[in-house]
Amino acid sequence: MIQIDCPLCGLRDEREFTWGGEAHICRPENPDTVGDEEWGSYLFMRQNPRGNHRERWCHSYGCNQWFNLIRDTVSHKITSIYPIDQLAPESGDDNE
Amino acid sequence: MITNKARLDCPGAIDRNRTLRFTFDGKKYCGYQGDTLASALIANDVNVVARSFKLHRPRGVLSAGVEECNAIVQVGEGAGREVSARATQVLLYDGLVAESQNCWPSAQFDISAIYSLFSRFLPAGFYLKTFMWPHWHWYEGFIRRAAGLGRVNDEADPDYYTKRFCNCDVLVVGGGPAGITAALSAAHVGASVMLLDDQAQLGGTLLWENESIDGRDAKEWLSLSLTHLDSLENVQVLPHTVAVGYYDHNFVTAVQTLGVHHCAGVPGNGPRQRLLKIRAAQVVLATGAIERPMVFPDNDRPGILLASAVRHYANRYAVSPGKSVALFTNNDFAYRTALDLLAHGVAVCAIIDIRPVHKSVMISRARELGIRLLSGYGVIATTGRKRLKRVQVAPLNDTGTAFVPGAHHWIDCDTLAMSGGWNPVVHLYSQAGGKLKFDTEFASFVPDQCEQRLTSVGAVNGSYTLNQCLTEGHKKGSAVAIAAGFLSPAVSPDAPLSQDDSDSHLQPYWQTPAIDGNSSADSQWVDFLNDVTVADINLSAKEGFRSVEHLKRYTATGMAVDQGKTSNINALAVMGQATQREVGQVGTTRFRPPYLPVTIGTLAGSRVGELSNRYRRLPVVWHWHNNGIAEDHSGWLRPAYYAREGETEEQSITREAMAARQSAALFDSSSLGKIEVQGTDAAEFLNRVYINNVKTLQVGKVRYGMMLNDNGSIIDDGVFARLGHDHFLVTTSSEGALTIAAWMEQRLQCDWRDLEVFITPVTAQWATLTLSGPRSRSVLEKLGLGVDLSTDHFPHMSVASTELEGISLRVFRVSFTGETSYELNIPADYADSLWQLLLKKGKSEGITPLGMEALNILRIEKGFLEVGVETSVETTPLDVGWSVPVSLKSADFIGRRSLVRSHNQRADRLQLVGLRPQDRALQVPEGTLVLNEQRERVGHVTSSCNSFSLNASICMAMVQAGESLIGSTLVLAIGSVDHPAEVSSSAFYDPKGDLLNV
């Protein structure tokens, strides 16, 4: 069970949070105009990296606010926590 | 009168004034306070305490610690009986009853021992290879019975358990010399410290080794140190507490035993065990090491023990496992056993040392004492069926790889103390994700590096001398406290010092070479409990199972209840030799929690019985005083039906359903999910999440809608009402109440941050009571709500907000039954009063309380789908007849794009239809397969009932290309009988919905 430093509530146990999958997935602006392949890629294709992963979390049993963080999927080390509407800090972009 | 034949004259740590009686395999014995079951059995000269798992070979006590793999017994009686307990870990108490396992009638005389005669025909993988035809299941029952380990206790556990969350700066696991000094020095810096030890008494090896620290007896140092720790406010010492799991971010679970033994049924006794969930800023592992056995022919006989265990029994419990002891070793450390035994007056007949003659302090001392020393010798055979009688020894050649032919001879002895070196207890380190490295000097795996904030001290690092343990503990204890944020103190005490600093000069000896050209691999035991020999591992290598993961599963080595604590390293080394690899290259399997077996009750804690699954409860309690039969529906306890005297269950359900169709019924739908959606963009928001057009909905009106995920699958359905221009009330299924609100919140916070919308889940705040049936309006009118309820003014799909005696009330005219219905929303605290008021007012109209079962019949008659029952994670609105609203809506909504993907447009998708069996009385189980004329599977029944209104059996079903099959006949396969059924629309009752507008 990892610990997450909620930007509003501070350091709490994982059991208070909900995982929201990979962050920065962009829904195509005009879905009607994109092809099946692009739409399928939006729906299903994820990076699933071994290493730093940018992902969404929600402090469901606390402030109920969503935020982004960068977590190492091997060591579970969390290197950055940033607001939901911000781009990932440089350090987290080694999967691009 | 106590007769402990094997008891020594030395005092030990037992209390000879307190005699304890106990029973083993039906025979009565005595021991002393301070004994374990194992030491008491040894004191009473009980040699055979168990039988091995596969071959039922007689086995005696091997060790004195948690690693015990032979003396596995059942303890206690009746409901409190515990299986697979280690006799070495069971503290003796008066009246203890224990039995051996895996044998019948007893460990002494076990009928299944006949298996051992066929051992050469039962190699690794024997069962997998032999019992294949026609199928393993034919043999499984017999084999499982033959190879059990005790009888599982199927009675409810009479003890109770609890849990606790803990936090500390420094967690020290292991209360031996290294752990104690680490705790002392971390505490001195000011950190809050928890010190755990798996034994009832702290001290580790200090409890039984003859050592000195700071010039005084080590036991005195121990007692002073423990007193000091007890006096410190920032230190918690937890004996009898074993750390079993090491998880991410320094989260450690530990099992604390509170009662010395079962406290079953004794009033006033506390919980038996407590599960600790510890979060520590820093962890120090001082988990020590386990001595490993030597591998030689027939090394599993009763009377062959670990050298450290023999020393432990003699020094601490004042028992000697034998009168004439030989020692077999590859290191200097084990010589202590010979020296200590001599001091207690026990005869040491020989030290058999595989190493060539060399000089060391230990060897000189053994020589001075006149012990017969056989340097460069190995043991090549042993005799004695239920007790060791003799060992045969032979000189090894210069390289130690073969025996000198013809030079062997026998030595009489009743006990052989063996030492093949030490295995550090790296389990928790590995669980933490730490990497291990093979230390060639100690011939074992030791901690290397780990991402977590932990450090290891003492024997777990391969630091075996007492002085190394004390120095490491002292140094690292303060270092981790400083790393946890504490300032280095101005003055630090000196590290305690011991005289013991001797090297062990270990020389690896992993198995015994062939003797006169004959291999004895099939009699050299590696895993005692699972009967794995060197030959089994060689076979595994020969058949290609070389990887450590394959080796483990193919031979079952390390897979018994002891999880290979004594056997793993030997097995890896033998595999390495069979495949010309170093042990380090073979590697280890990753260790998994728990380190020791944990009682399921400890993990459950207080969440047993009624507390194991907490139901949500309806605000109306009238049901439970009026024969409402409670059932679990999506986590809510709801009335299935209301029983009446003289009625069968079916009659009650039919009576309730008839009332809804003919007069009036009252139903508690408070579990219905309710979410308030407010804000200037509320309509825009809902328009994006519903497949329906929300913006055109007028204030005071209600619409039925579906929500999809972006794959196009239905995630929930329900009605939504427009209470004001910027105010909606959304209803969801009972299951969806929490998840849909969270899902909406996520959309708003993450994806559509520009929308001004507020989501408030109000399921628990508003109760919902549903009045349904042709007489329902008459009943409601009697409440005098000041709302014109006539169809002209308040038609189907309308909503009105009003008051009843000053209490807010919302009236929705919607229907889940097909009859005129009103859903009344009232603050939950008033639900029970309103329910009773409606029953009273509706008495003259024949009002009847209606349960879940009758409601289900009514909705199936109407063909209303239930999300999660009719639909699966793949079902789209197009599959259930909702293509029209989708096609009429021009704006985008979640899931819309996916509906036109080719897969969702396929003609052979499962579609919702009705089925009418020709046999009108047929009872169709849900899930029944639907077949076509060729008896190919084309679908399945999702809901079914016997409708009294239609006098027919009806089903809702998902059928391939179902809509195109309406009018044709399919087959319902129930048991071995096929029943023809006509495909129809799923709207069976009042298909046009005329009754809704009455």
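This passage describes a predicted model of two chains, A and B, moving from the smaller-scale layout of each chain to the contacts between them.

Chain A makes a convenient starting point. Its secondary structure consists of one helix and six strands, and read from the N terminus these elements follow the order β-β-β-α-β-β-β. The C-alpha trace of chain A spans about 45 × 25 × 20 Å along its principal axes. Of its 96 residues, 17% count as buried. When contacts in chain A are restricted to residues at least 6 apart in sequence, 48% of them join residues at least 24 apart.

Chain B is divided into six stretches by the domain assignment: domain 1 (15-130), domain 2 (162-289 + 424-483), domain 3 (294-419), domain 4 (510-588), domain 5 (668-858) and domain 6 (860-997). Domain 2 is written as two segments, 162-289 and 424-483. As a guide to the spatial layout, the C-alpha centres of domain 2 and domain 5 of chain B lie 58 Å apart.

The nonpolar interior comes next. The largest nonpolar core has 177 residues, and the members that touch the most others are V170(B), V193(B) and L327(B). Helix α4 of chain B, residues 177-189, gives the most to this core, with eight residues. Apart from this core lies another, of 99 residues, which includes M744(B), Y822(B), L855(B) and L912(B). Such groupings fit a familiar tendency: in soluble globular proteins, nonpolar side chains tend to be buried together. Around V193(B), leaving out residues up to four places away in sequence, the contacts are C168(B), D169(B), V170(B), V172(B), A183(B), A186(B), A187(B), N234(B) and V235(B).

A second residue worth a closer look is I304(B), which lies in strand β17 (residues 304-306) of chain B. With 29 other C-beta atoms within 10 Å, where 20 or more are required, I304(B) counts as buried. Beyond its neighbours within four places in sequence, I304(B) is in contact with N299(B), L388(B), L416(B) and M418(B). By contrast with these contacts, the C-alpha atoms of I304(B) and L466(B), 162 residues apart along the chain, are separated by 26 Å.

Turning to the sheets of chain B, three strands form an open antiparallel sheet in the order β21-β22-β23. Strands β21 (377-383) and β23 (409-412) each have a single partner strand, so one side of each is left without a neighbour in the sheet. From one strand to the next the twist averages 35°. The pairing of β21(B) with β22 (residues 390-395) of chain B is antiparallel and extends over six bridges, and V379(B) stands opposite V393(B) in β22(B).

Another open sheet of chain B has five strands, ordered β36-β37-β38-β35-β39, again with antiparallel pairing. Its edge strands are β36 (702-708) and β39 (758-761), each pairing on one side only, and the twist from one strand to the next averages 30°. Seven bridges hold the antiparallel pair of β36(B) and β37 (residues 714-724) of chain B, with M707(B) opposite D716(B) in β37(B). Two helices lie across this sheet. Helix α18 (residues 682-689) of chain B lies across β35 (673-678), β36, β37 and β38 (727-732), running at about 130° to β35(B). Helix α19(B) lies across β35, β36, β37, β38 and β39 of chain B, running at about 165° to β39(B).

A hairpin is found further along chain B. Strands β41 (residues 798-804) and β42 (residues 807-813) run antiparallel and are joined by seven bridges; S801(B) stands opposite R810(B) in β42(B). The hairpin has two residues between its strands, and E805(B) takes a positive phi near 50°.

Finally, the two chains meet at an interface in which 20 residues of chain B are in contact with 21 residues of chain A. On the chain B side, the elements giving two or more residues are α19 (736-751) and α24 (896-899). Helix α19(B) gives the most to this side, with six residues. By class, the chain B side has four nonpolar, six polar and 10 charged residues. Helix α19(B) thus appears twice in this account, as an element that lies across the five strands of the sheet and as a contributor to the side of chain B that touches chain A.

Note on methods. Residues numbered from 1 in each chain as written. Chains lettered and ligands numbered in written order. Predicted model: local features only at pLDDT ≥ 70, side-chain atom pairs only at ≥ 80, totals over all residues. Contact = placed C-beta atoms within 7 Å. Helix = DSSP H or I, 4+ residues; strand = E, 2+ residues; numbered from the N terminus. Nonpolar A, V, L, I, M, F, W, Y, C, P; charged D, E, K, R; others polar. Buried ≥ 20, exposed ≤ 12 C-beta atoms within 10 Å, placed from the backbone. Core = buried A, V, L, I, M, F, W, Y, C linked by C-beta atoms within 7 Å. Pairing = 2+ DSSP bridges. Axes fitted to C-alpha atoms, helices over the stretch in contact; angles between N-to-C directions. Domains from an automatic or database assignment.
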